[in-house]
Amino acid sequence: MSEGTMQLRAQRDQRDPQAKRAKRLTRVLVGAAAVPVMLVAAGCSSDSGSGDGKDKAAEESAASKSASPSPTVQAAAFRKLPEPCSVVTKKTLDDLVPKGDSGKEGSSNDTAVRASCSWDSLDDNGVKGSQFRWLSVSMLRFESDVTRGEGDKLAHDYYQKQLKDAQGVEGAKSVKTAAVSGTGDEASLVRYDLKKKEGTFKQQTVVTRVENVVVTVDYNGAGLAGDKTPDADDLAKDAQKAAKEAVAAVTKANGGADGGKSSGTPSGSPSASKSPSDAASQSASASPEKSG
């Protein structure tokens, strides 16, 4: 072997270990780099599955809510009451309480829910006696409520209660009840005699409902100190006239014939729904005893 050949082989032998070590190092680095790639891929696959589950649960929850909407009720037609001492025209007042002063407004913590006014008249005829008259108009408005129902239904229930109260006044004699037409959605007249030490009072009570408002008109008269007892039929006609005017005033205060109805649904706020309920526990009409 020549000297040149020996030198070439020695150089190859020196290069081969270096090449082998380089190849081994390359394989190690490539293998090491593959590990985090696999981990990242596995991590992405795991996260993706978890996210899909949460999204699906949220979608199912939203779908469940949309399938079960909150309960609603029809909005009440009337949202306010008129000024109580102006619901009866001056001409009618001159006929019913001719010697009366301006009306006396009743106390109320919310005049949009409950309001009333009363008038009294004493026509003194000297030794011939005197004629006494007393008129009262009370109004109670009911708001629709998701837990208690629609306003007109609540008003109907109260209308029935008012009738029962009027028919059951202590000491009432010859009680009669008759339907009244042309006044609100439903109306009735309750008539009776009430004897007191001053004389016999002819009581007329008209209870009427228009939409979600109940109007109660009390009208009575008596001949005092020897004067004649007024005609009950005349008093009944006058009471019905006052009731019709009061119903018209309620309708007008809420925008006319349509009552200013809204297609929206009320929120059923506690203040709006509670007031009529509290008021319904009391009689909306004044007691005839006040007239004596």
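**Reading a predicted chain, feature by feature**

Q: Over residues 32–46, where does pLDDT stay, and how many contacts beyond four places in sequence does the model have there?

A: First the idea: pLDDT is the predictor's confidence in each residue, from 0 to 100, and contact means heavy atoms within 4.5 Å. In this predicted model, residues 32–46 stay under 50 and have 0 contacts beyond four places in sequence. Over residues 258–292 the pLDDT is also below 50, yet that stretch has 73 contacts in the model beyond near neighbours in sequence. Where pLDDT is low, the predicted coordinates should not be read in detail.

Q: And where in the chain is confidence lowest and highest?

A: Helices (H or I, at least four residues) and strands (E, at least two) are DSSP runs, numbered from the N terminus. Confidence bottoms out in helix H5 (residues 270–280), with a mean of 40, and peaks in helix H4 (residues 232–253), at 98. The chain averages 78, and 64% of the residues score at least 70.

Q: What ground rules sit behind these numbers?

A: Residues are numbered from 1 along each chain as its sequence is written, and side-chain values use heavy atoms, leaving out hydrogens and water. As this is a predicted model, local features need pLDDT of at least 70 and side-chain atom pairs count only at pLDDT 80 or more, while totals for chains, interfaces and linings use all residues.

Q: Which cysteines does a disulfide join?

A: A disulfide is a pair of cysteine sulfur atoms within 2.5 Å. The structure holds 1, joining Cys85 to Cys117 with an S to S distance of 2.0 Å. It links distant parts of the chain, 32 residues apart: Cys85 is in the loop between helix H1 (3–67) and helix H2 (90–96), and Cys117 is in strand S2 (residues 114–124). The link is right-handed, with 95° about the S-S bond.

Q: Is Val250 buried or exposed?

A: Buried means under 20% relative accessible area, exposed over 50%, partly exposed in between (1.4 Å probe, protein chains only). Val250, in helix H4, is buried because its relative accessible area is 0%. Leaving aside neighbours within four places in sequence, Val250 contacts Phe78, Pro82, Met139, Val210, Val213 and Val215. Cys117 counts as buried too, at 1%.

Q: What about Val146: where does it lie?

A: Val146 is in the loop between strand S3 (130–141) and helix H3 (151–167). At 37% relative accessible area, Val146 is partly exposed. Not counting residues up to four places away in sequence, Val146 touches Pro71, Thr72 and Val73.
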